[in-house]
Amino acid sequence: MRVSNLKIGQILINEGDITEEQLDEVLQMQRNDDEYKGKRVADILIARKIVTEQQVCKALEKQLLIPYVDLDELQLPEEVGNMIPEEMATNHQVVPIEKEGRFLTVAIADPLNYQGLKDISIATKMKVKAVIAEPSKINSKLRELYAAQKALDDAKEFLESKGSTKTQAQLDAEEAAKSANGDDQPIIRFVNNMIEEAIRTKTSDIHIEPMEKMLLIRFRIDGHLQEYMRTDPALIPSVTSRIKFIGNMNIAEKRIPQDGRINYRVGGKEIDFRISVLPSLFGEKIVMRITTSLGMELKKENIGFLPENLKKFDHLIKSNRGIILVTGATGSGKSTTLYTALHEVMSEDINIITVEDPVEMICPGITQVQTNEKAGLTFAAALRSILRQDPDIIMLGEIRDGETAGIAVQAAITGHLVLSTLHTYDAPSSVARLVDMGIEPYMVSSALLGIIAQKLARRLCVECKEAYSPDENERISLNIPKDQEITLYRKCGCDKCNKKGYRGRIAVHEVMMLTTTLKRAITEGKSTDELRDLAIAEGMIPMKENVRRDVLAGLTSYEEFIDMTISND
């Protein structure tokens, strides 16, 4: 192998990627800092975020005279999929990218890993040519290559075991799902791989959609659906049966909707799924919602409150009686906010009881009641019984009707703290919603403590977000003075965020505290617009202002600001 005489640090200096002072500092760390002793200069530079992986790879290209490839620009051919065993590829951080005659081209993170290249040559019985690529992009390609391949192999194995026609695959599918145990059955592995990939990508919902000529599986990530896989429609009955079986549903019943839940263990963590099955034209559509907050602790600081709103939230949950409402659309994180509130106030001397449909998150130390409409255990019926259980705090999954609302108001007025949700888009309109349910305005003003309206904005990927100066229109929309120097950020796209430019979501709020002025206005029957103006005058930060601040802080983009606020204008 031809090698340049220049060291990696000097090449990076020549390229203008680092300064001599930065290199000296890193060399000092390499000698004296226990954390970095024995590590390569390039690895320390990356760890300290002084340079990117791509800059190091391009420097290695100049040093070792080995080509660099951007794996994001490559579509891996199907023929290379199974050429290198998964364990070997993962251990050596290498991914096959091209086969030509007796030569196999591989992208490798460490081109000096001669043993790894030799092992691959022996395993494939081919001559191996190496090119350089970033470790993170190699890992992403490996997941793409082997995770999808595993699922497809399991699907193929299942179809071959049942025969290639849909009719044969449907035969005794229910019995197969019931009798299968362990993880050695292909259909079980298929479902397990799908679930584990959804957990890895922090998916909120898995959509399993039967169609005439395929089974389509999509993941909802950061609020947007993304395709995971298309496969043979012959899998539809077996996949459906397997999920219904582990969700404790009636496998034989295909004519009516069903609900269930799964508790899945992965990486030492228990993950809860809520399952909805709906009969459709070509089979039963399944949506599996992951109700466990992946990667998020239930702490009030993690919800995304502005400092002013966090103080208001803290004040509300420390109250002894009254109703606290969390409002927003489906999937806006209302339940997570409620569970966070419960975790904040939990203690041995407080009796907390919840009524939910369904119970979305198991909370040790809290009595949780699952409603059952068929058995007559409605929200209202459960709430009546709960009041005889000496509760201090009651959490209702949702106030759905006037009867439930009336009992909740009575519970609040008689000395209980009630937390619940409503489906309204902002805080002031929740008052009108309660009045429409038949609650007298004076009762609403007496019982309500505060209303938290919530939406979720996509968070910009911190690894790739791009800085820029706002134009005139953006300055006007965001109320930025013309002479103020400010930097905004927009989406870009990288391996960490799957090229989307966004990674995760952040909650935005408006918290309406029921002050004396607002209580009087509600009793007088003021309109929603009048209540909004009064609430802002009393210190409520509108949701639009919350998003604006997040844009200025570089947490989200101007594009998200427009998308989230246009409906409120």
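**Exercise 1. Two helices that cross**

Work out which hand the crossing of α14 past α15 has, and which residues make the contact.

*Solution.* Start with the hand: α14 passes α15 in a left-handed crossing. A crossing is called left-handed if the near helix is turned anticlockwise from the far one by less than a right angle, and right-handed if clockwise. The residues in contact (heavy atoms within 4.5 Å) are F379, A380, L383 and R384 on α14, with E403, T404, I407 and A408 on α15. Sorted by character, they divide into 5 nonpolar, 1 polar and 2 charged. Here Ala, Val, Leu, Ile, Met, Phe, Trp, Tyr, Cys and Pro count as nonpolar, Asp, Glu, Lys and Arg as charged, and the others, Gly among them, as polar.

Next, the angle. The axes of α14 (residues 379-386) and α15 (residues 402-413) come within 8 Å and cross at roughly 20°. The two helices are therefore roughly parallel to each other, a label for angles under 35 degrees, while over 145 is roughly antiparallel, 65 to 115 roughly perpendicular and the rest oblique. Axes are lines fitted to C-alpha atoms, for helices over the stretch in contact, and angles run from 0 to 180 degrees between N-to-C directions. Helices (H or I, at least four residues) and strands (E, at least two) are DSSP runs, numbered from the N terminus.

A word on the model: it is predicted, local features need pLDDT of at least 70, side-chain atom pairs count only at pLDDT 80 or more, and totals for chains, interfaces and linings use all residues. Residues are numbered from 1 along each chain as its sequence is written, and side-chain values use heavy atoms, with hydrogens and water left out.

**Exercise 2. Salt bridges across the chain**

Find what K244 pairs with, and say whether K244 is buried or exposed.

*Solution.* Side chains of opposite charge can pair when their charged atoms come close. A salt bridge needs a side-chain nitrogen of Lys or Arg within 4 Å of a carboxyl oxygen of Asp or Glu, and the structure holds 26 of them. In one of them, K244 meets E284 at 3.1 Å, N to O. This pair links distant parts of the chain, with K244 in helix α11 (residues 236-246) and E284 in strand β9 (residues 283-290), 40 residues apart. K244 has 1% relative accessibility, so it counts as buried; E284, at 7%, is buried too. Buried means under 20% relative accessible area, exposed over 50%, and partly exposed in between (1.4 Å probe, protein chains only).

Now try K491, which forms a salt bridge with E559 at 3.9 Å between the closest N and O atoms. K491 sits in the loop between β17 (488-490) and β18 (502-513), and E559 in helix α22 (residues 558-565), 68 residues away along the chain. K491 is partly exposed at 38%, and E559 is partly exposed at 42%.

**Exercise 3. Around helix α21**

Work out how E545 and R549 are placed in α21, and which residues of α21 are buried.

*Solution.* E545 and R549 form a salt bridge, their closest N and O atoms 3.0 Å apart. Because they lie 4 residues apart in α21 (residues 543-552), about one helical turn separates them. Salt bridges that share partners join E308, E545, R548 and R549 into one network.

Turn to the buried residues of α21: M543, N546, V547, R548, D550 and V551. What covers them includes α12 (307-317), β15 (448-460), β17, β18 and α22. Just after α21, G554 takes a positive phi of about 80°.
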